[in-house]
Structure formats: structure tokens, C-alpha cells
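This report is meant for someone meeting the structure for the first time. It takes up charged pairs, buried positions and backbone angles in turn.

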Amino acid sequence: MSSRADQLSNRQARWLAIGAQGLGSPRREGAPPPRAKKLGRLLDQIGTIQLDAVNVLARTQLLVPYSRVGPYDPADLLGLTGPGGPWFEYWGHAASLLPTAMYPLFRTRMEKWRADLVDSPTSQERRRAWRQAHTGYLAAVLDEVRERGALTAGQLSDPRRRTGVWWERQSDGRRALEFLFADGELAAWRSPSFERVYDLTERVIPPSVLELPAPDHEASQRELLVLAAGHLGVGTVADLADYYWVHPVAAKQRIAELVEAGRLVPASVEGWKQPGYLLPGARPRRPRRLHATLLSPFDSLIWRRERTERLFGFHYRIEIYVPQPRRAYGYYVLPLLLGDELVARFDLKADRQAGTLRVVGAFLEPGVAPATVVEAAHTEIQGLSRWLGLGRLTVGSRGDLARPLRAIGAARRAE
């Protein structure tokens, strides 16, 4: 195994990735639940947590911290956002939670939203047309928030409800609030029911942050790419660009500038067609976590599917929008990390009415022996079930790991 900084084995690249994502150290079993301060340190380490509404098991923003720190109080996570909080929500990697200290890095992105210079030309034209047609209404919504204070879309005095499909399904009120949020005029956080609550930015983001100078567009891109390299451990141009959604063409130029400045180091990675980039001084370390770890489908370790396949040899696609008869693995499938490998995947469902965590499917990766996985997998699934407040665990029949998983469960109940 090479130890040169400019040449990495694939395994070393995995170690860098796992360590950078806070998944290399063991969770402290039996320790008191981590409080908000530790959750804050976690976000500083991984940089952003994607938000998602799918709640068949638990929303991804709850699962990502659990994977890293174990059982915690979700109320502590919720309390980190909102007026004056250390986290804010914006379009970082999709809808994301981000450290409030990063707010200045997204000001130029807000400027692009205000100019409707985002997404495809078709989307840009549609946004411009809607904004022009609703200029007065946008101003009225902003004035209402200014006068009334924090509110949700449903609390607008004139939400102008609409019917339709996809984007057209939203009310004009929600669209107006989303425009103002993307523009940076409003900031937002989530209620316990996951509804966005909007208020004036100056009433949400601390003045000490708003007063910081905002880097220009290219400088912001450079900073986001350096941060991405730290969060990923090592990544190609496309990998680093994806983390905070920097355009790949711009990312290529910015990364060349960062290499020239000595802020990023290129490296050849075994099996990669493109060079990887990492922070100076970054060194791979074998993960010390011995227990298994379930990963949300939207976990930042596996966001970019091509990178996941490159690093782990793990082909992964989310099948939520695939018709049930055509799904290979299931609706909400979580990969299982054990050591430095992704060894299995599980289709999980929280049946809250029955107080049961249902393992709908359990699948081994090719070449992985059941005996090397099943006990660690059962322990991890059972721990997740307890954290979710589900008293029972059932295992269905789908998948080559289902029978061994049922057997280990029966043996443990008999002890």
C-alpha cells in the first residue's frame, strides 16, 4: 500500500472519505446522549446535512447525525436552527442545513437567484415570467412577513391557493416565499412537523454574520471547494463540485487555482480515471469503528453515486420513484458500512402504529459472507429501532440476508 501523498490506493481513499465524514471513530455505547454542542461540531466536520421530507423510516436530517454519534434528542437538532441559531437552511447541497458562519459564502448564490440565473434556460425563463407577473404580490408577501413576523405559507393572509402538478401544484403564496428565501430576503427554518417557517433574514441570521464581508463569486467558489475537499477526504473535480453544487466547469478552473496556491494537492488514486484532490497534510487512517453503521440514502458519504461505486464498488440507486414491481431492493434502502466497506443494504420501514421496525428486505453485497455481517447488522438495526421508540423488530423474507438476520434475532431473544 502506497504511502506517497500524491498516490493513494483505493483503500486509502476510502479511509480518507470515512474519516472526513465522521464515520471512522466508534460511537460511545452507553454514554449520555450527545447534546447540541456535539451536534454542532458534527456539522462543522461534514459541512452540510441534506434535508428531505421522506419519513417512511425517519427523515434523513435525523438519520445522518445518528449514523455518526448514535442516539440523541432530535429536539436538540431542531433547536440549532432558527433566529440566532448556529445553523441555517439554504440551497447548499439541495435544501440543506449549514453552519451559520458559512452564510457569506452563499451571498453570491443568492444574487444569482435574484437575477433568475439558476438551473436550465427554460427554468430561468419560467422564473423570470412568474416574477414579473407577480412583482406586486412578492412585495406584499415580504411586507406581511416584515409586519407580522415569522410565518409559514399557510399562515399568509392571501396564500392564493392553486392546483396543478409538480411545480404548478404550489400556491402562489408558497412560491413567493420560496422566491424570497432563495433571493436571501427571507431566511427559514423547520417546524417540528418539517414545515418551513420564514422570517426576515436580519431577524434570523446574527448581525455579526451579516456584517461580514461577502467574498466575490469566484472567491466563494474557491472556499466552498476547499471545504468540500475537507469534508470528502479526497475527490475528483466533479466530486468536489457536487458537494456544495458549484458548477463543474467553474470548479475545474477554481481547483486549478487552488492547486497553484497550494491549498489543494492533486493525487492519483488507484482505479480512478480522473485525479483526486485533497487538503495538504491529509493522511489516510484506518477507521477505528468496529460496529456497523446504517447510512441514510441521502447521507453525504454516498451523495454522488458514481463516487460511491468508485470508492466502494457499491452500485446504489434510490428507488423511491421506481414503480414497486421494478424495484431491485426496495423503497427506502440504507447501505450498511462495516469497517471500510459497504457490505449490505436494508429496506427499512417504521410502522409507528404497530410500534415495529420492519426489515422489508435484507441484501448482502456480492462476495460477502453472511457470518461476517449478520451479528453487527442486527445490533445496528436493533439500536436504530430503540432510538426510534419502536419496541419490536420484524424481518421479512426478501433478500439473501433475511434468513440469517431472523435466525440471529431468534437466538438473541432466546438468551
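At 32% relative accessibility, arginine 263 counts as partly exposed, because that value lies between the 20% and 50% cut-offs. The model is a predicted one, and the values given here are computed from it. The partner of arginine 263 is glutamate 223, with which arginine 263 forms a salt bridge whose closest N and O atoms are 2.8 Å apart. This pair links distant parts of the chain, since glutamate 223 belongs to helix α10 (residues 217-232) while arginine 263 sits in the loop between α12 (248-260) and β7 (265-269), 40 residues apart. Glutamate 223 is likewise partly exposed, with a relative accessible area of 29%.

**Salt bridges**

Side chains of opposite charge can pair when their charged atoms come close. The structure holds 26 salt bridges, and three of them are set out in the table below.

| Pair | N to O distance | Exposure |
|---|---|---|
| Asp340 and Arg14 | 3.6 Å | both buried |
| Arg131 and Asp183 | 2.8 Å | both buried |
| Glu223 and Arg263 | 2.8 Å | both partly exposed |

The side chains of aspartate 340 and arginine 14 meet in a salt bridge. That pair links distant parts of the chain, with aspartate 340 in the loop between β10 (333-338) and β11 (341-351) and arginine 14 in helix α1, 326 residues apart. Arginine 131 and aspartate 183 are also joined by a salt bridge. Here arginine 131 lies in helix α6 (residues 121-133) and aspartate 183 in helix α8 (residues 172-183), so the pair ties together parts that are 52 residues apart in sequence.

Salt bridges can also share partners, and in this way Asp239, Arg304, Glu306, Arg307 and Arg310 are joined into one network.

**A patch of positive charge**

On the surface, Arg28, Lys37, Lys38 and Arg41 gather in a patch of positive charge. Arginine 28 is found in the loop between α1 (10-20) and α2 (36-46), and it counts as exposed because its relative accessibility is 65%.

**Helix α5 and the loop after it**

Within helix α5 (residues 107-114), Thr108, Arg109, Met110 and Trp113 are buried. The buried residues of this helix pack against β3 (87-91), α6, α8 and α10. Most residues other than glycine have a negative phi. Aspartate 116, which follows α5, has a positive phi of about 60 degrees although it is not a glycine. Aspartate 116 has its place in the loop between α5 and α6, and it counts as buried because its relative accessibility is 3%.

A positive phi, near 55 degrees, is also found at tryptophan 245, again a residue other than glycine. Tryptophan 245 is placed in the loop between α11 (237-243) and α12, and at 46% relative accessibility it counts as partly exposed.

**Tyrosine 277**

Is tyrosine 277 buried or exposed? With a relative accessibility of 13%, tyrosine 277 counts as buried, because the value is under 20%. Tyrosine 277 takes its place in strand β8 (residues 276-278). Leaving aside neighbours within four places in sequence, the contacts of tyrosine 277 include Ala229, Val234, Leu240, Ile255, Val259, Leu264 and Pro266. One of these contacts, valine 234, is 43 residues away from tyrosine 277 along the chain, and yet the C-alpha atoms of the two residues are separated by 5.4 Å.

Definitions and conventions. Residues are numbered from 1 along each chain as its sequence is written. This is a predicted model: local features need pLDDT of at least 70, side-chain atom pairs count only at pLDDT 80 or more; totals for chains, interfaces and linings use all residues. Side-chain values use heavy atoms; hydrogens and water are left out. Patches are made of residues with over 30% relative accessible area and no salt bridge: like charges are joined within 9 Å, nonpolar side chains (Val, Leu, Ile, Met, Phe, Trp, Tyr) within 5 Å. Accessible areas come from the Shrake-Rupley method with a 1.4 Å probe; for residues, only the protein chains shown count as cover. A salt bridge is a side-chain nitrogen of Lys or Arg within 4 Å of a carboxyl oxygen of Asp or Glu. Lys and Arg count as positive and Asp and Glu as negative; His and the chain ends are not counted. The place of a charge is taken as NZ of Lys, CZ of Arg, CG of Asp or CD of Glu. Helices (H or I, at least four residues) and strands (E, at least two) are DSSP runs, numbered from the N terminus. Buried means under 20% relative accessible area, exposed over 50%, partly exposed in between (1.4 Å probe, protein chains only). Contact means heavy atoms within 4.5 Å.
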